[in-house]
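Thanks for coming. I'll walk through one model today, beginning with a single helix and ending with confidence.

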Amino acid sequence: MNQSPREILSCRHVGFSVDAPGGRLDILDDITLSLNAGETLAIVGASGSGKTTLLGLLAGLELPTSGDIRLADADLKQLDEDQRARLRRRQVGFVFQSFHLLPSLTALENVMLALEIAGFDGVHERAVKALTQVGLNHRLDHYPRQMSGGEQQRVAIARAFAGNPAILFADEPTGNLDRRTGQSIADLLFDLNRDHDTALVLVTHDMDLARRCAHIEEIVDGQLVEKAVTG
Amino acid sequence: MNPLTLSFRLLARQGRSGALAMLVAGLVVATAAMSAVSLFTDRIGRALEREAGEALAADLVVAGRDRLPPEFLVQAERLGLDTGEIILVSTAVFVGDESQLIDVKGVGGGYPLRGQLRIAAEIDGPEDTVSRLPDRGTAWLEPRGLRALDAGIGDTTELGYSDLTITRTLLFEPDRGGGRFLLAPRMMVHIDDLLDSELLGPGARARYRLLVAGSEAAVNDFRNWVQSRLDDNQRLITVADTEDQTGMALTQARRFLGVAALTAVILAAVAVLLSAMRFSLAQRDLVALLKAFGAKGGEVMGALTLMLLWLVLISIVVGGTAGLIAQELIAHILADGPGNNLPPVRFQPLAGAGVFTLLLAAGFALPPLLNLRGVPPMRILNRSLDQRIGISRLLWLLPVGAALAIPVVQLGDARLALIVLGASAALAASLALFGWLAMLVSGQLAARARAAWRFGLAGLKRRRGAGIVQVTALGLGLMALLLLVIVRAEMLEQWRTSLPADAPDHFAVNIQPDQAADVERTLREAGVVNLQVRPMANANLIAINGERPPDDRMAGQVNVSWIDQLPPANEIVAGEFFAPDATGEISLAAMWAERLGVSLGDELNFESGARSFSATVTSIREVDWNSFNVNFFILLTPEAADFLPHQLIASFHLGDADSTLLRELTRTWPNVSVIDIGAIIERVGEIIDRVSQAAQVVFFFTLLAGLVVLLAALEATRDERRHEAALIRTLGADNRMVRRGLLVEYGVMALIAAALATTGAGVTGWFLAAELFEFRYQPSPVLFISGFVVAIVLVVGSGWLGNRSVLNTPPVRILRTGG
């Protein structure tokens, strides 16, 4: 019997607006989408279209001004900030354009810190394993400043996957890298996505990268205008 | 683009930015601290000087063995100074058939120029405080003189050829001095009566003094004028020369306060430097933008410099006002203590504070701003063309120059300033070194810690530079405060209790040799303890190895004693003390020998009356003057008793003996005077207590400046902290975890600062006790534990308050920053 896929993320009629000098400014309007475990989704759009804001809402970093978001079976609107933080510990991983590693911690310590925050046991072994998976077992004790951009992003990916999250949010993960390094980082992301059965939400303006996802959503002026399903 | 207009625009645009606010706060706090300290120490200083001046009864005294040239008086009056004259002579005074050796003091002019006399209309009558001279034809006599002469108020005394009526008893004269006791009773008369007495002929061995007092400038002018005109028999006596040990203590106290203020200044400079660096960092985009729009580098720099000038002016006004209010508050707080008699505020120190603020800004805020000229316009296109806002090598000359100049301006003494600066730098360097080591250890521990601990300890590692500055600054401030508490609460008490319980608290002087046995028996029978009776004679030192002795106030007429064994509280440091049957030998106190350049084997020649004698130096002694035993610079072999006219001096601890004994003693032997030195001990203790109270207030500013440094350093790293807090929140840390991380970071920093401060204070306290107070100091665990706890609460509390915005940083910020 085929088990129906588990829905890991869904948002219905989500809107987000802010107060501006000229009155209320709508950043996102009536966004509805969903994603199952292990699926990949690319959110594309021009600069200022609201894609990063949507990523923040989907990951529970902020709450929408209208609509509902469910992440890993939790209704984000019902959770306060600390509860959402605790949800992210085990269920969510992040990869950022600027890596966001703590400069005074080694690669290993950066990965361990995220695991400790999530409350895992055996953090050292898990961190070593994650860094080995991204090909950095020879760089464990190196500081971010001693590594290239591509290597730093690998550490960030190891940090994101080390806790085996249900969903990973990646904000322009190849944006700060050259084409070839970006390519290898993208390969790594999609390989791990498959290996860990982790859902992947990717914000990018790189259509080549977006096309590697199963789903693509484009935002124009805060609204989803096109839905496409790729290979 | 006009730099002036641009400077105003910059000020208006940046006025509300956190970085500028912090820079202004740094300058304002520094100015306020400096103004308050300058104004307060100026008032305290003048009060102390006034008190010390009272010990001279003047601001400056010219002393001579002959009548001083009249032009000295004329010049002093020409400079607008108040003047007074004194002639001192020892002579026999008669009342009826009774005679007594009396120290006569003829006073004239405006004597006393500083302080007041205390007299009474009858023996044991109520005291009256006056600032006037005895009228012509009258004399004021000490009660013991009256007793010795068996005289009373209204009797007539013969002073040479003058007949004077005794109208008052003399109870106190400000310039008597606490360190030297008069052997003979004092009689004060009008100077013209003394001149008319014909007692001042050749060989009278009178001493003449011209007293002057007035504005500092006029006194200095007179000092400079008269200095080059003094002959070998004349010398200047200043406040620093007063025999009164309290005068010395007060002079030192003022310097001490100046040094204390300097610590606050040094810390404030660090705060200004940190704030300016942070401000400059925030101005890089603006400078790049202005350059890209065509502004010349010089114009931008001119505008930034002018903007800094406006900030300095604002700081002078705001800080100066705050300082004025603060020093008034301090005076109010001390209203029941030394603040009681403070002279009114003088505004001159505010001008000094203004110069100081300008110097501070030029030295510590300008260099980081000037460094902005290196920001390329290309930065607006590519932020990675970033450069750290440090200070280029040449520009370091500015803060270094300012750091050297500020103490000189503030203390007005280049040598002392350099010593303080060097000592502060050494102290700060030691604190920084230990701080660095402690942080290194914390970094190692971070690798083994978990979550909040790892985050907190790693924070220390990440901001090691800023952390060392914070720990050093706070450590210095806390140490200064703790040291003051130690000096006041502990060392003073321990010093007092370190005196043996039976330390002599009374001296009986002027005991004649034929009275000695009876006096001694009376004292013993009354139950006094630790009784020592020692002979004392006056002699003139006339030659050292056949040469005239140096012109020194410790040469000339000296007190000598003799003994057959080394007295208590004395230790031989060179040579050997006399054998019991030795003759013609002399033992000198090390202090006296050093001052007059005398060493073992030297021959000293003395004259006493018509008799002259010589002796060879065979030992040098270190004397514990704090023992309050009777001690002498010069000890002769016992045969001196055979040819030197002398009296005896007894020291004893009154203990449980009846205090009426003292009255009995002087009634039975009217020539004997009893001096209560317990009162002197109390007076010295009181001065130390008052000075340390004032210094505590001054050191409060040091701590305040330390906290400003902490806040400036917190402000400098706030963006970094907010970013980190946002990151770990994104990774799933809740508020509690972020809070704990911050607590760990500040807690460890506080531990390091508190440990360094308490250890430093303990070590310095021990050193001060050993070097200055000459006793072994036992630090009290209670004081150190409470100091430690207070230090931790202060650091963690201020760190916590300064970082509330970090706790409120939303995690979504991480998506909007470029790292």
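This is a predicted model. I'll start in chain A with helix α4, residues 123-133, where the buried residues are Val123(A), Ala127(A), Ala130(A) and Leu131(A). Why do they sit on the same side of α4(A)? Because the arc they cover around the axis is only 95 degrees. The general rule is that an α-helix has 3.6 residues a turn, so residues three or four places apart point the same way. As for what covers the buried residues of α4(A), the list includes α3 (107-118) and α5 (149-162) of chain A. After α4(A) comes Gly135(A), with a positive phi, near 80 degrees.

Now the contact between the chains. On the chain B side there are 25 residues, in contact with 26 residues of chain A. Four helices of chain B each supply at least two residues to that side: α13 (451-462), α19 (678-730), α20 (735-773) and α23 (813-816). Which of them gives the largest share? That is α13(B), with six residues. Sorted by class, the chain B side has 13 nonpolar residues, seven charged and five polar.

Next, some strands in chain B, with β18, residues 611-623, as the reference. Strand β15(B), residues 570-575, pairs with β18(B) in the antiparallel sense over five bridges. There, Glu571(B) is opposite Glu622(B). Strand β16(B), residues 585-589, is also joined to β18(B) by five bridges, but these two run parallel. Ser587(B) has Ser619(B) as its bridge partner in β18(B).

Then there is β17(B), residues 603-608, which is antiparallel to β18(B) over six bridges. One of the pairs is Phe606(B) with Phe613(B). What do β17(B) and β18(B) form? A hairpin, with two residues between the strands. Gly609(B), in the turn, has a positive phi of about 60 degrees.

Last, confidence. The model scores ipTM 0.86 and pTM 0.60. For chain B, mean pLDDT is 77, with 75% of residues at 70 or more. Among the elements of chain B, strand β6(B), residues 138-141, has the highest mean, 94, and helix α11(B), residues 397-411, the lowest, 65. Over residues 243-247 of chain B, pLDDT stays under 50. The model has 19 contacts beyond four places in sequence for that stretch.

That's what I have. Questions are welcome.

Note on methods:
Residues numbered from 1 in each chain as written. Chains lettered and ligands numbered in written order. Predicted model: local features only at pLDDT ≥ 70, side-chain atom pairs only at ≥ 80, totals over all residues. Contact = placed C-beta atoms within 7 Å. Nonpolar A, V, L, I, M, F, W, Y, C, P; charged D, E, K, R; others polar. Buried ≥ 20, exposed ≤ 12 C-beta atoms within 10 Å, placed from the backbone. Arc of directions from axis to C-beta. pLDDT = per-residue confidence, 0-100. Pairing = 2+ DSSP bridges.
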